[in-house]
Each structure stands twice: as structure tokens, then as C-alpha cells.
Amino acid sequence: MRLEPRAATSATATVLWPLAAIAATVVFSSVLVMIAGASPITVFYLVFKGAAGSQFALVETLTRATPLIFTGLAVAVAFRARLWNIGAEAQLYLGAVMTVVLGTGAVTLPSAGLIPLIIFVVMLTGALALLGPAILKTRFGVDEVVTTLLLNFIVILFVSMLLEGVLKDPMGLGWPQSRRVIEEAQLPRLIQGKRLHFGFILAIVSAIIVWVIMKKTVLGYEMRAVGHNAEAARFAGIPVNRVIVKTALLSGGLAALAGFSEVAGLKGNLTLDLSPGYGYTGIVVAMLALLNPLGVVAAAIFVAGIFVGADAMSRSANVPSYIADVMVATSLLTMVTAIMLMRYRVRWR
Amino acid sequence: MTEAIEILFTASFWVAAIRIASPLIFATMGELICERAGVLNLGIEGIMVAGAFTGWFTVYMGGDLWTGVFVAAMTGAMFGLLHGFLTVPLGLSQHVTGIGITLLASSLTYFTYRILLPEVSSPPKIEPFEPFAVPLLLDIPVLGPALFNQTPLTYLAYLTVAVVAFVLYRTPVGVAVRAVGENPSAVEAQGISVTAIRIGAVMAGSALMAIGGAFLTMSAFNSFFFEMINGRGWIAIALVVFGSWRPGKALIGAILFAAFDAYQIRLQQITGGVIPYQIFLMMPFVLSIVALVVVARRATYPKALMIPYQKGER
């Protein structure tokens, strides 16, 4: 078999292939659900109800989507320039660390001053965390996939060390957790008494800003050029290495905001289970969104819905909630296949 | 201070080093085969999880230990087939597909574990491989126990290196594998299918990765735990670069790395809590990055690595 580029992607193909990808994911997970001894229709109904069937469910889904929007944006930006940042998890935790360092009373300012200061430092930290791998890539030709992956492990151990050391809450009954951030450093709740917080708005605004950067600025154009063909971009006079470094700074900063928003908006303090893999799930979100920053918002809400819905479902239907991870991983693989088939025609010989 | 140096001359240290090296050797050889054929396999971490589980579960269900190893290898080969199909004929991004395979293999494994053992709070145990002492050779001081009083899977790991090296450099199949990683159109011109060679190599490599995972549940420990692979797959990828895509050098890299790992555990006991234990746990990952930086400058990647091949194109 061989692949031929399609002259133009027809509107039907643009709709049908992604739908086929979703259908394939549904069929595969249905088989697993049946193996688990449950009815797929009941399970999917319960997942949907758990994700969007009530105001409580919807609010929970949007809350869970917030960090995924940040990590999804971080990955989308990086992948657009073919900078394979698999280290959003590390950048997230470093963002959370800086939030705790500045937000637990070391700096006292009114909210209007303290929160922007924390955001600035958090983004700077995340940016610097990815600067290392970016420099290793551009200067020494070290593959950034492995360095960013390894950094995830290093950072989580570093955070563990801090939580048992300098950042440990003396009132924490021996648990490795930080103090709670002071009131001035907390993001307000969007709905009284609900978990949804201002971080969600911040995530939407970030998505719009990133969209503008990608579509309307020289940097966005250069990033796409580098991602499309680095050699051609270099030939056209684009400073490829500088573009990669700028992309890294933006990507790392965005991922770190996920950690800030989780601590300042939701959890209030830092623990080692702050992220159940938001950095890795951000890769799926970004791919489902076809690396489009606005699409990231929709994809993050979709993926968050699967997780929230599956949690609710597993409590009542006796199907392990790991089904959500399986669905998300499967949809990643089927969706990248669908995207390819939208652009190429398969010829069998 | 002398204590820190004395460690290096104890047999138990070298026994541990060789044991720690074993799963890394399988995984590194597996990744090396894939990359030599031009396919980066980031599914490695998940494939190791799947191999660790299926091998262990086969034995738990009453299967023979070697049957367990075989089942693990087949599981790995199936994920390799998936990765190969998506990246070779379809030409999808090897990075994205690999991460997808890792997520799929590990989540599918955890899902299956929960289905098969729903009520289990502490994971059940199996009788793992026992060390097998090679007579006479065992009596060599220090090296004897380290090299010749290990479990059969460790001997298999060393055999694998020899076989991989022999196949890659001394057989027509190996020449074809290396060639599709360097110059696929030249291979196609000889009437050999690049697709078939690449998919075959990814399947064989993934089978080895899965055996590496199975080593942990069937030889090092006697049970399956979540998160037990803990980055070993990513370290294997670094070791492939460190070994410059050569089996012998990669073997030396894996042993050095494992020796360092075994050493830091013992050093930790000597220093007795003065240095936070996390620093020691970080060292393997830091060391991998350092190794990459040191070697990357003069590393010669297989030229067609990560470049999809299309028949008739140049």
C-alpha cells in the first residue's frame, strides 16, 4: 500500500474521518466494557450523565478541564514548531512550587498585586525549565523528548524533597504537603460554593492570546515555518534556533500556569498528587485539537468529561475507572490516524 | 570515606548491579533494534508495563515461568505491530504514536488488572525465577557470584546482546535492518520490502522490551505493582544513544548505569539520612541526561531514523 496526498481535503472527509475515529474508540471501549461484564449503553449513558448530566457534573468537568487547557496549549504551541515537549508535568509542578513559595506569606500584597506577581514568576520558572532542554537540543543536538521525559521524574522527586523539607507544613501532621496559600493569593470561585474557579477564565483568555500569537504574529508564522520544514525555514532566513527557544519559553510558561491554577484556584496547597498526569494528557488534548489553541479548550473539556464521567460511572457500574485512560489513549491513536487519512489517500497495490 | 570505596569490592554490590542491569539490557536491545530500522519507539515504557503484567499473570494462573516470558514477548510484539503499522505504512509521527502506545499499553494493563483481580488489596505473589549457579565459574572471586549466580533471565539478557550483535552484523536480515535505518530506497531497489523489515524489527524489539518488563515481576520481584517500570523505558532510550546504536557499547552503558544505581543505594545507607533520599533517586535520571549530552555531539544517528519511507519517493 502507498499514500498519495489529496489535492484538496473534501468537506465530507473532514467530518467523516474524525467521526470514524470516535466510532472506533467507542467500539473498542465497548468491547472492554462487555469484558468487564457491563452493558456499553448503560456505561456510556452513565459516563455522559456523570460528565454533563447536571449542573454539578458540568461544573466538575470544567474544573477538571482547566489544567488540561493549560497543558494542552503548552503542548500545542511546542508541537507546532516540532519541539517535542513531553515535560509539561514537570513544568506544572514547578509552577505549583513557585505559587507556594510566593503565596504562603513570604510576600504580602493585596490580591491585585500578588496574583500578577505570582503568575509572572510561575511563567518565568516554567519557561526556564524548558529552556534547558531547548538549549541542549539547539546547541548539542540532544533529543528533547528524552530530556523532557527524564525531567518529569527529576522534578517530582525534587518536589517530594521540598515537601519533606523546606516547604513542609509544620501543622500537616507529618504529611508531605505544603502550607495553604494565603487568601490574597487565592483565585476566586466563579460560582458560590462550587469548585469552579477563576483559573478557568484565565485558561480561556490564555487560549485566545495563544491563538492570536499563532495566527497573527511574526513569531507564530515563524513557529509554523520551523515546524513545517526546519531546513526550508533556515534557508528562508528564519533564525530557527531562536524560534525554538522562544517556543520553549512560551510552552513552559503555559504548562506552569496549570500548576499555579490548581494550587491557587482549587487545592489551596501543594501535594505530590496535585496532577494525575495532566502533563501527559495535555498531549492528547493538543492532538485532538489538531494543535489549534481554540480547539484545545473544546478538546480539554471533552477529555475532562471522559475522566469525570468515568469516575462517576465506575462507582455505580463496577467498571474500573481506568477505562477513561484507555479511551483517551485510543482516541489519540485513532485521531492521528484520521487526520492522516484526511490528507492522504491510501492506494492498495 | 573508605567505606564508600570498599562497596566497589563487595560481591553483593556487583550481584545487584548485574541484576539491575538485566531489564535495562532487554529494553535497550529492544529499542536499539527499532531505531536501527529507523523507528523510534516511545511505546517502550507502556510495553514494559504490559510485559511485566502478562508474564506475571500467566505464571499466577498456573503457567510455567518460561511460558510467562513467552506470553510477555507476544504481548510486546502485538504492541510493536500496532506501533509499526501506524508509523511505517501510515507514516504517523513516531513521537505522538509512541506516547499514545505508552498511554494505551499502561492504561489497558491497569484496566485488565482491575478486571481480573477486582477484590485484591495487596498484589498476589508468584514463585519467581531462582538464581542458578554456574559450577566452577562461580568460584571466581567477586565476578563469579556477580556474573554466574543469577537467574536464568539474566543469562538470557546477555545471550540476547550476543544474538542481536550477531544478527545485526553477520546475517542478511541484520544487514537489511541496518540498511532500512540508513538508506531505505536502496533496500527497496533490491526488491526487499522496507515496510516488512521495519515492522518486523519493531515487533522483535518490542518483544524484548516486554521481556525486560517481565524480568521485574518474574525475576527481580514476585509480584506486579502499579508504576513499577518507573522510567526504566525512558532510560533505555538514553542508553541507546549512549551506546551509539551498537549492542556491545549499549551493554557496557547499561552495566555502568546499573552499577551506579546499585552504588547510590549503598551510599545512601552509609550517609544515613544526611542527604535527602530523593537526591539519590534522582541520580539515575540526571545521569541519563548527562550521558546524552556527553555522547550526543559525536553520536551518529541512523540516517533514516524518524523519517517515514514512501515507496517510489526519494
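This note goes through a predicted model, taking the annotated spans, the chain interface, the salt bridges and two local sites in turn.

1. Annotated spans. An unreviewed UniProt entry annotates "transmembrane region" in chain A at residues 12-45, 65-83, 90-109, 115-136, 148-167, 196-214, 280-310 and 322-344. In the model, residues 115-136 of chain A are 100% helix and 0% strand, with the end C-alpha atoms 32 Å apart. For residues 196-214 of chain A the helix content is 84%, again with 0% strand, and the end C-alpha atoms lie 28 Å apart.

2. Interface of chain A and chain B. On the chain B side 45 residues make contact, and they meet 45 residues of chain A. The buried area between the two chains is about 4,100 Å², and carbon and sulfur atoms give 82% of that area. The rule finds 0 salt bridges across this interface.

3. Salt bridge between helices. The count over all chains is 5 salt bridges. One of them pairs Asp311(A) with Arg64(A), with 3.0 Å between the closest N and O atoms. Asp311(A) belongs to helix H12 (residues 293-317) and Arg64(A) to helix H3 (residues 55-80) of chain A, so the pair ties together parts 247 residues apart in sequence. Asp311(A) is partly exposed, at 27% relative accessible area.

4. Lys137(A) and Glu144(A). These residues form a salt bridge whose closest N and O atoms are 3.2 Å apart. Glu144(A) counts as buried because its relative accessibility is 2%, under the 20% limit. Lys137(A), at 22%, is partly exposed.

5. Salt bridge within a helix. Arg234(A) and Glu231(A) also form a salt bridge, with the closest N and O atoms 3.2 Å apart. Both residues sit in helix H9 (residues 230-235) of chain A, 3 residues apart, or about one turn of the helix. Glu231(A) is exposed at 54% relative accessibility, while Arg234(A) is partly exposed at 42%.

6. Nonpolar surface patch. Val15(A), Leu16(A), Leu19(A), Ile22(A) and Val26(A) make up a nonpolar patch on the surface, with about 420 Å² of accessible area together. Val26(A) lies in helix H1 (residues 11-35) of chain A. Its relative accessible area of 35% makes Val26(A) partly exposed.

7. A loop residue in chain B. Ser244(B) is in the loop between helix H11 (232-242) and helix H12 (247-271) of chain B. Despite the loop position, Ser244(B) is buried, with a relative accessible area of 13%. Leaving out residues up to four places away in sequence, Ser244(B) touches Arg36(B), Lys249(B) and Val295(B).

Key. Residues are numbered from 1 along each chain as its sequence is written. Chains are lettered from A and ligands numbered from 1 in the order in which they are written. This is a predicted model: local features need pLDDT of at least 70, side-chain atom pairs count only at pLDDT 80 or more; totals for chains, interfaces and linings use all residues. Side-chain values use heavy atoms; hydrogens and water are left out. UniProt positions are given in the numbering used here, feature names are shortened, and annotations may be inferred rather than shown by experiment. Helices (H or I, at least four residues) and strands (E, at least two) are DSSP runs, numbered from the N terminus. Patches are made of residues with over 30% relative accessible area and no salt bridge: like charges are joined within 9 Å, nonpolar side chains (Val, Leu, Ile, Met, Phe, Trp, Tyr) within 5 Å. Accessible areas come from the Shrake-Rupley method with a 1.4 Å probe; for residues, only the protein chains shown count as cover. A salt bridge is a side-chain nitrogen of Lys or Arg within 4 Å of a carboxyl oxygen of Asp or Glu. Buried means under 20% relative accessible area, exposed over 50%, partly exposed in between (1.4 Å probe, protein chains only). Contact means heavy atoms within 4.5 Å. Buried area is the accessible area (1.4 Å probe) that two parts lose on being put together, summed over both.
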